[in-house]
Amino acid sequence: MLVIIQVFAVALWLALAYWVYQDSRRRFENSGGIVGSTLIALVLPFLGALIYLFIRPPEYLTDAHDRELETLALEAQVEGLRCPECEAVVGPRFLVCPMCTAPLREPCRRCSEPLDPAWQVCPYCAAAASHPTSHPSQETCIS
Ligand SMILES: [Zn+2]
Ligand SMILES: [Zn+2]
């Protein structure tokens, strides 16, 4: 009976060490953290895994990366730097969306700086901005 308990304990200890190894792989970016955590779990049976629970990084790497992307997307949203067609993040000076080629800004006729469609006047050279696409009434006049 004692042998069975011992075998069971060793199996549990190894399983815990393996779990710590798998779990740390998802939380540590450097291999030192993974090796260190696994060693603690191996050297200190059961207690090592318990210690690991307290010292491990609180979130998965993928979660951290997802949050980073979300923050980037949020920043872009606040600044209005998104393609209206495909939602791709675009730069403040892009004339067209690089993802779907949707027109984003018109170059100034005088100084060629990228102008926001909402602007009435070029902020760089004070020339009046022209919006050929934002006046549908002009199109009906042609026919
Ligand atoms: Zn686009
Ligand atoms: Zn201009």
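Select Thr38 to start, which you will find in helix α2 of this predicted model. With a relative accessibility of 14%, Thr38 counts as buried, because the cut-off for that word is under 20%. Show the residues around Thr38, leaving out those up to four places away in sequence, and you will see that Thr38 touches Ala17, Val20, Tyr21 and Ser24.

Next, follow one of these contacts and select Ala17, which has its place in helix α1. Is Ala17 buried or exposed? Its relative accessible area is 4%, so Ala17 is buried. When neighbours within four places in sequence are left aside, Ala17 is in contact with Thr38, Ala41 and Leu42. You can also draw a distance from the C-alpha atom of Ala17 to that of Ser37, and the viewer should give 8.6 Å for these two residues, which are 20 residues apart along the chain.

Now widen the selection to the whole of helix α1, which covers residues 2-27 and therefore has 26 residues. From its first C-alpha to its last, helix α1 reaches 37 Å, close to the 38 Å expected at 1.5 Å a residue. Colour the buried residues of α1, and Ala17, Val20, Asp23, Ser24 and Arg27 will light up.

Which residues make up the largest nonpolar core? Select Ala17, Val20, Phe28, Ile34, Ala41, Ala49 and Tyr52 together, and you have this core of seven residues in all. The elements that contribute two or more residues to this core are α1, α2 (31-43) and α3 (47-55). As background, nonpolar side chains in soluble globular proteins tend to be buried together.

Between two of these helices there is a residue to look at on its own, so to speak: select Phe46, which lies in the loop between α2 and α3. The phi angle of Phe46 is near 65°, a positive value in a residue other than glycine. This deserves a pause because most residues other than glycine have a negative phi. At 37% relative accessibility, Phe46 counts as partly exposed.

Move on to the zinc ion called ligand 1, and show the side chains around it. Which residues coordinate the zinc ion (ligand 1)? The coordinating atoms are the SG atoms of Cys83, Cys86, Cys97 and Cys100, at 2.2 to 2.3 Å. The angles among the four donor atoms of this zinc ion (ligand 1) are 105 to 113°, and the site is tetrahedral. For reference, the ideal angle for four tetrahedral donors is 109.5 degrees. Along the sequence, the donor residues of the zinc ion (ligand 1) follow the spacing C-x2-C-x10-C-x2-C. Both Cys83 and Cys100 lie in the loop between α4 (61-78) and β1 (106-107), so the pair ties together parts that are 17 residues apart in sequence. Compare how these two are covered by the protein chain: Cys83 is buried, with a relative accessible area of 0%, whereas Cys100, at 30% relative accessibility, counts as partly exposed.

Then select the zinc ion called ligand 2. Its protein donors are the SG atoms of Cys108, Cys111, Cys122 and Cys125, which lie 2.2 to 2.3 Å from the zinc ion (ligand 2). The site of this zinc ion (ligand 2) is tetrahedral, with angles of 108 to 112° among its four donor atoms, and in sequence its donor residues are spaced C-x2-C-x10-C-x2-C. Among these donors, Cys108 counts as buried at 4% relative accessibility, while Cys111 is partly exposed, with a relative accessible area of 29%.

From Cys111, step along the chain to Ser112, which is found in the loop between β1 and β2 (114-115). Ser112 has a positive phi of about 65° although it is not a glycine, and Ser112 is exposed, with a relative accessible area of 52%.

Finally, zoom out and colour the protein chain by secondary structure, which comes to five helices and two strands. Read from the N terminus on, the elements run α-α-α-α-β-β-α. Of the 143 residues of the protein chain, 23% count as buried. Switch on the surface, and you are looking at about 10300 Å² exposed by the protein chain, with carbon and sulfur atoms supplying 65% of it. Among contacts between residues at least 6 apart in sequence, 27% join residues at least 24 apart.

Key. Residues numbered from 1 in each chain as written. Chains lettered and ligands numbered in written order. Predicted model: local features only at pLDDT ≥ 70, side-chain atom pairs only at ≥ 80, totals over all residues. Heavy atoms only, no water. Helix = DSSP H or I, 4+ residues; strand = E, 2+ residues; numbered from the N terminus. Expected span 1.5 Å × (residues − 1). Buried < 20%, exposed > 50% of the residue type's maximum accessible area, 1.4 Å probe, protein only. Donors = N, O, S within 2.8 Å, 3.2 Å for Na, K, Ca; no water. Tetrahedral: all angles 85-135°; square planar, octahedral: opposite > 155°, others 65-115°. Contact = heavy atoms within 4.5 Å. Areas by Shrake-Rupley, 256 points an atom, 1.4 Å probe, with all protein chains shown as cover. Core = buried A, V, L, I, M, F, W, Y, C linked by side-chain atoms within 4.5 Å.
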